[in-house]
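Student: I have a model open and want to learn how to read its strands, sheets and contacts. Can you walk me through it?

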Amino acid sequence: MIILPVGIYGAYPAPGCASACYVVQGETATVVLDMGSGSLSLMQKYVSPANVDAFILSHLHYDHFTDALPLAYYPGKHVIYCPPTPVECFTLLKGAPAHDVRVIGEGASVTVKGMKFDFCRTEHPVETYAVRVTENGKSFVYTADAMRSEKLIDFCRGSELVLTDCSFPAGTAHMTAEQGAELRDKAGVKIVAIHFSPVYDARPSLEKLGIPWAETGKPIRAW
């Protein structure tokens with residue numbers, strides 16, 4: 001299972017980069033997690049949207065879904081899984097004839113070819129879901145945007161890897177590097193830090209705690 005970070009930024013991307021977007025390539029399917037600003041352009045360096053079996057949007061904040069809107073102009077039908085709120089954002093996606101929009105929710109489970117996706121709601125200002133991706137009995141978790149919670153730690157247990165939102169400073173609706181390390185230690189999992197602020201450098205804190213971080217275009221092997 002290979003995860004290719006296309007966009008690793010939150011809020012808005014750094015110059016020449018993209019907000020949240022991860023291409024997941026397994027034995028049976030290719031699925032994209034989130035479509036933040038700038039991601040549609042950068043993604044085409046690695047995979048054609050025509051070869052993506054489904055797009056899963058963890059939540060409908062702009063830095064996670066906006067490039068799913070121009071995706072509607074790309075030829076073909078696009079299967080998109082996402083929460084139904086905020087309603088105004090969901091309506092934009094649902095109204096695109098090229099999109100086959102399907103709703104996800106707490107405890108939901110969907111299968112795309114042989115790849116299974118389970119969802120756990122996180123603590124964030126809008127309806128947001130962490131995603132467990134499973135294939136051939138092994139799994140990794142994408143926390144999406146999340147504040148620290150025991151529920152999320154429990155959801156991550158037993159996974160091979162967790163892509164962890166832990167790169168923002170304290171006082172935001174995201175985990176800090178220290179909270180990412182706590183998740184790693186309490187859940188007993190390997191983590192890779194994601195979701196970087198374009199104005200805050202989390203790397204010194206991550207390095208101090210022994211947490212590796214995602215880099216645009218550098219594949220991550222989940223197992």
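Tutor: We will take one strand, then a sheet, then a single glycine. Keep in mind that this is a predicted model.

Student: Where do I start with β5: is the strand buried or exposed?

Tutor: Count its buried residues, with buried meaning under 20% relative accessible area. In β5, residues 78-82, 5 of the 5 residues are buried, so the strand is largely enclosed by the rest of the structure.

Student: How do I look at the two faces of a strand?

Tutor: In a regular strand the side chains alternate between the two faces of the sheet. In β5, H78, I80 and C82 point to one side, and V79 and Y81 to the other. Both faces are covered.

Student: Which strands pair with β5?

Tutor: β4, residues 54-56, is joined to β5 by 2 bridges, and the two run parallel. β6, residues 99-103, is also parallel to β5, with 5 bridges between them. Use I80 as a landmark: F55 stands opposite I80, and V101 in β6 is a bridge partner of I80.

Student: What links β5 to β6 along the chain?

Tutor: Helix α3, residues 87-94. The chain leaves β5, passes through α3 and enters β6, a β-α-β crossover that is right-handed.

Student: Now the sheet that holds β7. What is the strand order?

Tutor: Read across the sheet: β7-β8-β9-β10-β11-β12. These 6 strands form an open sheet with mixed pairing.

Student: Which strands stand at the edges, and why does one side of each lack a neighbour?

Tutor: β7 (109-112) and β12 (191-194) are the edge strands. Each has a single partner strand, so one side of each is left without a neighbour in the sheet. From one strand to the next, the twist averages 20°.

Student: How does β7 pair with β8?

Tutor: In the antiparallel sense, over 4 bridges, with β8 spanning residues 115-121. To check the register, find V110: its bridge partner in β8 is F117.

Student: What lies across β11 and β12?

Tutor: Helix α5, residues 177-187, lies across β11 (161-165) and β12. The helix runs at about 155° to β12.

Student: Last, the glycine. Where is G10?

Tutor: G10 is in the loop between β1 (2-7) and β2 (21-25). Being in a loop does not settle burial, so check the area: G10 has a relative accessible area of 0%, and is buried.

Student: What does G10 touch?

Tutor: Leaving out residues up to four places away in sequence, G10 touches D63, F168, H195, F196 and P198. Now compare sequence with space: G10 and I194 are 184 residues apart along the chain, with C-alpha atoms separated by 9.0 Å.

Technical notes:
Residues numbered from 1 in each chain as written. Predicted model: local features only at pLDDT ≥ 70, side-chain atom pairs only at ≥ 80, totals over all residues. Heavy atoms only, no water. Buried < 20%, exposed > 50% of the residue type's maximum accessible area, 1.4 Å probe, protein only. Contact = heavy atoms within 4.5 Å. Pairing = 2+ DSSP bridges. Right-handed = clockwise from strand over helix to strand, strands pointing away. Axes fitted to C-alpha atoms, helices over the stretch in contact; angles between N-to-C directions.
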